[in-house]
Amino acid sequence: MQSLLWLVLVIAALGAASYWRLKLNVSTLLIAAVLAVGSIAGQVGQLAWLVFLLIALPLNISSIRKQYLSAPFLKIYRKIMPEMSRTEQEAIDAGTVWWDGEIFSGKPDWQKLHAVPAARLSAEEQAFLDGPVEEACRMADEWEINHKRADLPPELWQYLKDNKFFAMIIKKEYGGLQFSAYAQSRVLQKLSGSGIVLASTVGVPNSLGPGELLQHYGTQEQKEHYLPRLARGEEIPCFALTSPEAGSDAGAIPDVGIVCKGTWQGEEVLGMRLTFNKRYITLAPVATIVGLAFKLQDPDGLLGDEKDLGITCALIPADLEGLDIGRRHFPLNIPFQNGPVRGKDLFVPLDFIIGGPKMAGQGWRMLVECLSVGRCITLPSNSAGGTKSVALATGAYARIRRQFKLPVGKMEGVEEMLGRIGGNAYLMDAVTSMTTKALDMGEKPSVISAICKYHLTEKMRQVVIDSMDVHGGKGIVLGPNNYIGRGYQGAPIAITVEGANILTRNMMIFGQGAMRCHPYVLKELYAAANEDPKQALDEFDDALFGHIGFTISNKVRSFWFALTGARLAGAPFKDETKGYYQSIERYATNLAFLSDVAMGVLGGELKRRERLSARLGDILSYLYLATAVLKRYDDEGRQKADLPLVHWAMQDSLFRTEVAIEELLENFPSKVLGKALKLIVMPFGKRYSRPSDKLDHQIAQILQTPCDSRDRLGKGQYLSREESNPFGMLEQALDDILASEPLYDKVCKAANERLPFMQLDKVAERGLALGVLTEQEAELLKRAETERLRTINVDDFDSVELMADKSLLESGKKKSSKAA
C-alpha cells in the first residue's frame, strides 16, 4: 500500500511538472527528489531507481538521445511529411504571429493582451472623420448610386480624389495621409453606413493594390513617380490577380510573361511579353494604372539559369495599346466598378516589375504579406461598420413599428434577432479595434487576417438576414426609403471576394495556423529541410522533445481543466469576466493538445481532411474573437451597462468553441480515439449553451432605447439627422416616438379611451381640444406621426421607371400600333 502511495506521488509530480511546463532536466530532478525521499522513508527500492535511470539518462544525455531517438524520428518524419509547394512555403513564411500564437500556446499571457494600448485616433484622423468623411457620406445618395447611375456621381468621385480618400495608406512624404490602420478602419466603417459602393471604392485602393505594393517593394523611381499621383487622385489603381481558372487558388494563375527583347518607345529593351485574362477586378473599368500578377518565364535564360521565375507583379498603364479594359461586371445589383482585364502579347520593359527586375518571381510573397494586412482592414471594417448601422436601425425600427398594439421589438421572436444583431455588432467592432491596433504595432498577422475576413463577413451576413426578418416588407421593397435591402443583396459579395469563405475556413485558418502559431511544428519542418546533417539533427532534437513535452503538458492541463472546470486557472480580473478568461485558457489548451493529436495521427492527411482542420480552425477563431471582446470591455473602462453585450458575445463564442471540439471528436477518423479524447477534454459535456432569452431581452432593450451602451455600440457611424440620411432620421424618429408616448398616454387618459397608436396628428388635435397638451407638445406628436409613417412606408414606382431598357417600351408601342 505504501509503495502504491509513492507511485501516486511520482505520478502527481510528473503531472505537476507537466502542468507547469518545467524543463526536462528540472522535471527529472523533481522526480529524483521524490524518489530520494521515498528511499529515505524505506518505500522506494532499487527497481524503481533502475526504471527511473533507464528512462531519465537517455532523455537527459543529449548524445544518446540524438543518436537513438531523434535521428530515427527524423528519418521517419522526412518520409511522412508531404511536399510543400513554393507558394505554400511563401504563404507560411509571410506575415507575423501575434495573439494567435498566444492562443496556440495553450497558456495565453493576459498581461500581454491588456498591455496593448487601446486603439485611438489622432486629432488629424478624428478631424478627417468629422469633416471629409461626414461630407462624403452626405453626398452619397444610395438610391441614385445603385439604381440610377450604377456608379458614384462625378462630384463625389472628385471629392474623394481631392480629399485623398485613396491615399490613406500613402506616406506624407509622397503627399498621402499616412493614417493608422485603426483610422482606415474607422473611415471605412463610417462610409459603409452610406453604402457598399462608396465603402468598396475607397477601401480597395487602400488595401491590396499598387499603392501598398509600391510603398513596400517599389524602386525609389517608381515610388517618386506613382505615389504622389496616386495621392492626388490623378491615378486610379486596380490590382488584377484573379483569373477564370484561378480564383481562391491564386497561386495557380495561368497568366504568363515571357522574358524577351522588344521595342519600347523606339528602342530595343529587355522586357516581357504578357498574356493574361483577369476577372472580378475592382476599379478596373475606371483604373488608369493596373497592377498585374502573372507567372514570369525566362526560356532563353536572359536573366539567369532559372527558367520558371514564379509569380511576378508589375504596373501597367491602362492606356497601353492592346490592353482590353473598360467593360463591367454586375455583382448582385451592387454596381461598384468591377470588371475584366485582358491582354495578349503585350510587350513592356522589365522596369515595369514592382521593385524592378530584382523582384522578378517575388510576387507571391509580396501579395501574401500585403494581403495579410489588407484582409484585416477592408472587408472586416466594412462588415463591422455596416453591422453597427444596421443594429441601431433595426432597434429603432423595431421600437417604432407596431403590430398587435405593441412595438414589434417587444415580441420574443424579434428579441431573439435583436440579441443576435447587438451581440455580434459589439463583437465585430471589438475585433476590428484589436486587430488594427496590432497592425499599427507593426504586426502582419496572416492567420488573424483570415479569421477576421471569414468570421466578420459571415456574421455580417447573419446580421443582415436577421434585420431583413425584423423589417419584413420594409426590407424587401427597394427604393430611396430602403436602407437595408442593398446590404442584403451585397452580403454574398464580401463572402466571396479575397478568397472564398469556404476555402478560408476549411484550408487557410488552421492550415496556416498550425504551422505559424504552433511553437514547434515550423521548427521541425525547417530542421527536416536543413541539408546540414549535424545542424538538422540538433535543431530537430530541440524541436521534437520540446514538442513532446508541450503535448504531454497540454494533455495533463486539458484533463485537469476538464475536472475542475478551469476554476483554478488564472484570470486578470475577479469580476463577471473571470470565468471567461479561465475558459479561454482551458480551450486554448484543448486546441494545442487536439492539434498535436490530429497532426500526429493523420500527418499530411490532415491537409486533405478539410472538415477536421476547419473545426480546429474554428476553435482558434472563436477564442480570438472572445479575447477581442474582453479587450474591448477593458479598453472602454469596464462599463457595467455593456455587460449584456459582453456576456452574449462571450457565451456565443465559447458555445461555438465547444461545438467545434465536440464535432471534431465525434468525426475523428478513429472512433475509439475520438471517445478517449473526449474523456480527457470534455468528460462532462459542454459547459456553455447559447445566449439566454434573458440576454436577448436585455440587448433588445439597449437597441430600442437611447442610452450610453447604444451610443458606444454605434460610435463613429454616419448618424447625422438630415433628410438625406435614413439612419439619422431613424434616430430622430426613435427619439420623437419615445417622447410622444407619455403625451399619447395623457390624451388617452383625458379622453377615457385607449386610442390606437397611429394618426398621432389627430391625437394631437384631440389633446389640444381636451386642454391636456400644449402647442409644443402637439407639434411633437404631429412630427412623430410624419416620422412614423416615413419609417414604416415603402416606395412605389411607375412601371416605366423600373425598366432598364427604355427602348423596349418604344418597340412595345410600335407593336401595339401595328396590331391596332
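Is Glu636 buried, partly exposed or exposed? Select it to begin the tour of this predicted model: with a relative accessibility of 27%, Glu636 counts as partly exposed.

**Around Arg632**

Keep Glu636 on display and add Arg632, since the side chains of these two residues meet in a salt bridge with an N to O distance of 3.1 Å. The two partners are not covered alike, because Arg632 has a relative accessible area of 6% and is buried, while Glu636, at 27%, is partly exposed. Next, select Asp634 and Arg638, which form a salt bridge in which the closest N and O atoms are 3.1 Å apart. Arg638 counts as buried, its relative accessibility being 16%.

From Arg632, move on to Ala425, a residue of helix α16, which spans residues 412–440. Ala425 counts as buried at 1% relative accessibility. If residues up to four places away in sequence are set aside, Ala425 touches Thr387, Ala391, Arg632 and Leu713, and Arg632 is thus a contact of Ala425 as well as the salt-bridge partner of Glu636. For a sense of scale, draw a line from the C-alpha of Ala425 to that of Met515: the two residues are 90 apart in sequence and 31 Å apart in space.

**Salt bridges elsewhere**

The structure holds 48 salt bridges, and a further pair to select is Glu741 with Arg399, whose side chains meet at 2.6 Å, N to O. Glu741 belongs to helix α29 (residues 726–751) and Arg399 to helix α15, so this pair ties together parts that lie 342 residues apart in sequence. Both ends of the bridge are covered: Glu741 counts as buried at 15% relative accessibility, and Arg399 is buried with a relative accessible area of 9%. In general terms, side chains of opposite charge can pair when their charged atoms come close.

Now select Glu134, Glu135, Arg138, Lys190 and Glu722 together, and what appears is a network in which these residues are linked by salt bridges.

**Helix α13 and the loop at Gly355**

Turn next to helix α13, which runs over residues 210–217 and is mostly covered, with seven of its eight residues buried. The buried ones to highlight are Pro210, Gly211, Glu212, Leu213, Leu214, Gln215 and Tyr217. Which elements should be shown around these buried residues of α13 to see what they pack against? The helices are α14 (220–232) and α15, and the strands are β1 (237–240), β4 (289–297) and β5 (308–317).

Tyr217, one of the buried residues of α13, leads on to Gly355, which touches Tyr217, Gly218, Thr219 and Gln222 when residues up to four places away in sequence are not counted. Gly355 itself is found in the loop between β7 (338–349) and α15 (363–400), and at 2% relative accessibility it counts as buried. Measuring in the viewer from the C-alpha of Gly355 to that of Ser180 spans 24 Å in space, for a separation of 175 residues in sequence.

**Two patches on the surface**

Switch to a surface display and select Glu173, Glu221, Glu224 and Asp351, which gather there in a patch of negative charge. Glu173 comes from the loop between α10 (154–162) and α11 (181–192), and at 61% relative accessibility it counts as exposed.

A patch of another kind is made by Leu47, Leu50, Val51, Leu54 and Ile55, which form a nonpolar patch on the surface with about 510 Å² of accessible area together. Within this group, center on Val51, whose place is in helix α3 (residues 46–60). Val51 counts as partly exposed, with a relative accessibility of 43%.

**Two backbone stops**

The tour ends at the backbone, with two residues chosen for their phi angles. Select Tyr280 in strand β3 (residues 267–282): although Tyr280 is not a glycine, its phi is positive, at about 65°. Then go to Gln759, in the loop between α29 and α30 (760–770), where phi is again positive, at about 50°, in a residue that is not a glycine. Gln759 is partly exposed, with a relative accessible area of 41%.

Note on methods:
Residues are numbered from 1 along each chain as its sequence is written. This is a predicted model: local features need pLDDT of at least 70, side-chain atom pairs count only at pLDDT 80 or more; totals for chains, interfaces and linings use all residues. Side-chain values use heavy atoms; hydrogens and water are left out. Helices (H or I, at least four residues) and strands (E, at least two) are DSSP runs, numbered from the N terminus. Buried means under 20% relative accessible area, exposed over 50%, partly exposed in between (1.4 Å probe, protein chains only). Contact means heavy atoms within 4.5 Å. Patches are made of residues with over 30% relative accessible area and no salt bridge: like charges are joined within 9 Å, nonpolar side chains (Val, Leu, Ile, Met, Phe, Trp, Tyr) within 5 Å. Accessible areas come from the Shrake-Rupley method with a 1.4 Å probe; for residues, only the protein chains shown count as cover. A salt bridge is a side-chain nitrogen of Lys or Arg within 4 Å of a carboxyl oxygen of Asp or Glu. Lys and Arg count as positive and Asp and Glu as negative; His and the chain ends are not counted. The place of a charge is taken as NZ of Lys, CZ of Arg, CG of Asp or CD of Glu.
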